[in-house]
Structures are given as structure tokens and as C-alpha cells.
Amino acid sequence: MAVSMKGHSLVSVADLSREEMWQVWELGGDLKRKQKAGVPHRILGGKHLAMIFQKPSLRTQMSFETGMSQLGGHAVYLGPDHIQLGKRESVPDVARVLGRMVDGIMARVFAHKDLETLAEYAGVPVINGLSDDEHPCQALADLFTIYEKLRRLEGVNLTYIGDGNNVAASLLLAGAKVGMNITLISPQGYEVKPHYIEQAKAGAAISGSKLRFTDDPADVGGSDVIYTDTWASMGQEAEAEQRARIFEPYQINEALLKHTGGHPLVMHCLPAHRGQEITDKVMDGPNSVVFEEAENRLHVQKALMALLIQ
């Protein structure tokens, strides 16, 4: 049965039920097929989306702006110098102004709290395009890609290797909710924040998902999916050299893939630092679905906007 998501915000993966996630993926698949076939789907004709960017982006800006256009709506880019969120104007004031002018807001920010505040005061749906804590749109596109390739999610073994960052947190929450088995492999001191682990365990208790946490980069046996991300995220540039030394054993390379005992899908949310967290041979190899994953940001986010804003 379809669940109405109209008017809801997506600040965290935790905001979505299992049923809502599947609804996003089903609509995303339908919109992808229509786009490939050249079938118009102007579901959001006359609707406007404000896009707040504190951080630079390729995939997020292109997927939301292009997606809104394909849906018949219009997206307005608001860069770091346009608003100066929380500096030139308070976050609640920005939210209240935009909420009177547009039908939805996408925000790509540093502080996760800013997204929560936007959602509290805007009066229109707010979508998390990335925060320092979470990246729900990325996780939804990732799981959609896995389902496209493997035709299942429940029981799929996904191993994430690297920094326990926003992407890792959202993958953990989403995977646990739909019954995937998630292994997070991170150096000590760089694990996912404890409250996300507790949230994921609660989801796993319902779905039957198995969660594992280790610092051993060779502990990848039986993986259906190997996933990595940059070792130093935006805002952590000063730590880049130190992180590169610590994370060197966690590189996704051909030797590591042999430890899986199979032929897992290889994923990376991009941008990739080739030669650091992943080698060229793996990223450009037959197991890689990195660019399908990037494309699916467009289709999944179109589904999200259609469901939340329509």
C-alpha cells in the first residue's frame, strides 16, 4: 500500500520507514525507465526548490537541479556567499523566508543541526543533501544500485572500509532497516558515532540484519559489496596527511578484493582520490559500479522530490 510522504522532510535516514524507502526506490526505478525512454514525467510542474550549498558539489547540484527540471519544476542555487547561513541571517529566519517562497528546500551543510532547524521552521519539506553527520540521499541511491545489480537487499553482505563518516552512518542506518548485513571496518578512533550504531542495532533487531564492527581491513570474506569513501572529508583538509598514513592499510585494491573470496560490487560515493582509498584498477575494473551509483543519485532524488513536494 502506498504511504503518503507529502510534506515530510528527509533530514536523516531514520526519518524513513522501511516501506517509505521501498516506495522511493520503486518510483525511482519507474522514473529512470521513463527518462531512458524519453517519456515526459513533469510531476512537479510549477514547483520550486531552493538549494542551499555551504559545501561545493558536482553530483548533488547536478542531480537536484537536473532532476527538478526533468520533473517540470525549477531549482534555485543559493551558494555559500548568497545566504551565509547562520551568519548574515539566522537559520530560523532563512527557513521562514524560503518557506514562504518555495515548495521545498535542499541543503548541503556542515552542521547537521542546521538541517534540523531548517526543517523545524520552514513549513515546507527539507531534504538533506549532505551534512557532516549524514548523507541519506547517497545511501538511498547506493541501496537502489545494489538492488538493480543483485535484485535483492535482504541478506546482502555489504562491507564498508574506511572513515566512519556521514556516508558510513547513513549506509549503516539504511542497510540495517532493510535487512542487509553490514560490516564497518575502520581504524580505531575513526569509527561511526556510537548513537548511529545504537540506532542501527534497533533497526537490525526488527529486520534481522547482522552488524559487525572491526578494524581489520582483511576481514572482508563473503562480501557481496565493498564500499569506500575519501579518507578526509570536506573540512578535514588539515588532517589529510595524518589520515593518509593511518588509513593506508585500508585501501581498496586487487589484493584486498581477493580476500573476499568472490567478485563483489565495488562502490564509492565520489569524489575519489585515486591511488589513496581506491586504486585505478579497481575503480575502473569489472566489479565497479561507481558511475551507475553516481547516476542513480538523479533518479532516486527525483523520486524523493516527487513524493515529498508533490
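Helix α2 covers residues 59–70, and its 12 residues reach 16 Å from first C-alpha to last, close to the 16 Å expected at 1.5 Å a residue. Keep in mind that this is a predicted model. Besides that helix, there's an open sheet of 4 strands to look at, plus strand β5 and its parallel partners β6 and β8.

**Helix α2**
- Buried residues in α2 are Arg59, Thr60, Ser63, Phe64, Gly67, Met68 and Gln70.
- Looking down the axis of α2, those buried residues fall within an arc of 160 degrees, so they line one face of the helix.
- That fits the usual helix pattern: with 3.6 residues a turn, residues three or four places apart point the same way.
- Just past the end of α2, Gly72 has a positive phi of about 90 degrees.

**The four-strand sheet**
- The strand order is β2-β1-β3-β4, and the pairing is parallel.
- β2 (74–78) and β4 (126–130) sit at the edges, each pairing on one side only.
- From one strand to the next, the twist averages 20 degrees.
- Strands β1 (residues 48–53) and β3 (residues 104–108) run parallel and are joined by 5 bridges; Ile52 stands opposite Ala107 in β3.

**Around β5**
- β5 (residues 157–161) is mostly covered, with 4 of its 5 residues buried.
- To reach β6, the chain leaves β5 and passes through helix α7 (residues 166–177), making a right-handed β-α-β crossover.
- β5 pairs with β6 (residues 181–185) over 5 bridges, in the parallel sense, and Tyr160 has Leu184 in β6 as its bridge partner.
- β5 also runs parallel to β8 (residues 225–228), joined by 4 bridges; here Leu158 stands opposite Val225.

Note on methods. Residues numbered from 1 in each chain as written. Predicted model: local features only at pLDDT ≥ 70, side-chain atom pairs only at ≥ 80, totals over all residues. Heavy atoms only, no water. Helix = DSSP H or I, 4+ residues; strand = E, 2+ residues; numbered from the N terminus. Expected span 1.5 Å × (residues − 1). Buried < 20%, exposed > 50% of the residue type's maximum accessible area, 1.4 Å probe, protein only. Arc of directions from axis to C-beta. Pairing = 2+ DSSP bridges. Axes fitted to C-alpha atoms, helices over the stretch in contact; angles between N-to-C directions. Right-handed = clockwise from strand over helix to strand, strands pointing away.
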